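Below are my notes on the model, set out as numbered points. Please read them with the structure open.

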Amino acid sequence: MWPVCCVVVVLASCAATLAAVRGEGRGSPRAAQAAGAAALVVLLAAAGSVSGPYTDYPGVWAAPQGDASLSLTEPQGSEQGGQYTLRIGTCTEQGGWAFDYPRTSESVLIWLSRDEATACLPGGSSILAYIAGGTQMAPIVQLPGLRLIKQSGVQRA
């Protein structure tokens, strides 16, 4: 949907430019104003209809009961990930996180790569996490056997 809307906005902008040039010659800017307004409406509708994977991963994700949390730091510089701390009960594991690249699926995935021998979740040296629903304001990240909700207003790790 997004690429189609972009094409429509570009075409509407071109139409507005042509209408402005023709209207200028006739002394009537109304056609240009109408085309420009149509381009703006289409752009706003396209931006409002974008529904895709939530990708603002850095921050704190927590279980509704508060017995588990995942803290992801902001990427440093041009890196595609950062550091993570996963706490489940009294168990704490740390490591690095990175986006799945090249992407192996339609949804945006991240990999948690463990630094230490401590593992709070079953699995190998890496754990796959992905967005499994929720809303734009409170998305849910899915880990093996664990669903965590993004916490708003929480200081970033």
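1. A polar contact here is a pair of N or O atoms within 3.5 Å; within protein, one must be able to donate a hydrogen and the other to accept it, and residues adjacent in sequence count only if both atoms are side-chain atoms. By that criterion, a polar side-chain atom of Lys150 lies 2.9 Å from the backbone oxygen of Pro58. The side chains of Gln142 and Arg147 are also joined by a polar contact, of 3.0 Å.

2. On provenance: the model is predicted, so local features need pLDDT of at least 70 and side-chain atom pairs count only at pLDDT 80 or more, while totals for chains, interfaces and linings use all residues. Numbering starts from 1 along each chain as its sequence is written, and side-chain values use heavy atoms, with hydrogens and water left out.

3. Overall content: the protein chain has two helices and eight strands. Helices (H or I, at least four residues) and strands (E, at least two) are DSSP runs, numbered from the N terminus. Along the sequence the pattern reads α-α-β-β-β-β-β-β-β-β. Of the 157 residues in the protein chain, 32% are buried. Buried means under 20% relative accessible area, exposed over 50%, and partly exposed in between (1.4 Å probe, protein chains only).

4. In what order do the eight strands close into a barrel? The order is 1-2-3-4-5-6-7-8, with antiparallel pairing. From one strand to the next, the twist averages 30°. For such angles, axes are lines fitted to C-alpha atoms, for helices over the stretch in contact, and the angles run from 0 to 180 degrees between N-to-C directions. Two strands are taken to pair if DSSP finds at least two bridges between them.

5. Strands 2 to 4: strand 2 (residues 68-72) and strand 3 (residues 81-88) run antiparallel and are joined by five bridges. Across this pairing, Ala68 stands opposite Ile88 in strand 3. Strand 3 also pairs with strand 4, in the antiparallel sense, over eight bridges, and Leu86 has Glu93 of strand 4 as its bridge partner. The hairpin of strand 3 and strand 4 has two residues between the strands, and in this hairpin Gly89 takes a positive phi near 60°.

6. Is Tyr84, a residue of strand 3, buried or exposed? Tyr84 counts as buried because its relative accessibility is 1%. Its C-alpha is 4.5 Å from that of Leu72, and the two residues are twelve apart in sequence.

7. Strands 4 to 6: strand 4 and strand 5 pair in the antiparallel sense over five bridges, among them one in which Arg114 of strand 5 is the partner of Gly95. Strand 5 and strand 6 are likewise antiparallel, with five bridges. In that pairing, Trp111 stands opposite Leu128 in strand 6.

8. How many salt bridges does a search of the whole structure find? The search returns one. A salt bridge is a side-chain nitrogen of Lys or Arg within 4 Å of a carboxyl oxygen of Asp or Glu. The side chains of Arg114 and Glu93 form a salt bridge at 2.9 Å, N to O. This pair links distant parts of the chain, 21 residues apart: Arg114 is in strand 5 (residues 109-114) and Glu93 in strand 4 (residues 91-99). Arg114 and Glu93 are both buried.

9. Surface: which residues form a nonpolar patch? Trp111, Leu128 and Tyr130 do, with about 240 Å² of accessible area together. Patches are made of residues with over 30% relative accessible area and no salt bridge, like charges being joined within 9 Å and nonpolar side chains (Val, Leu, Ile, Met, Phe, Trp, Tyr) within 5 Å. Accessible areas come from the Shrake-Rupley method with a 1.4 Å probe; for residues, only the protein chains shown count as cover. Leu128 lies in strand 6 (residues 126-134) and counts as partly exposed because its relative accessibility is 31%.

10. Strands 7 and 8 each hold a polar residue to inspect. Gln142 lies in strand 7 (residues 139-143) and is buried, with a relative accessible area of 13%. Lys150 is in strand 8 (residues 146-150); at a relative accessible area of 9%, Lys150 is buried. The C-alpha atoms of Lys150 and Pro139 are 5.7 Å apart, with eleven residues separating the two in sequence.
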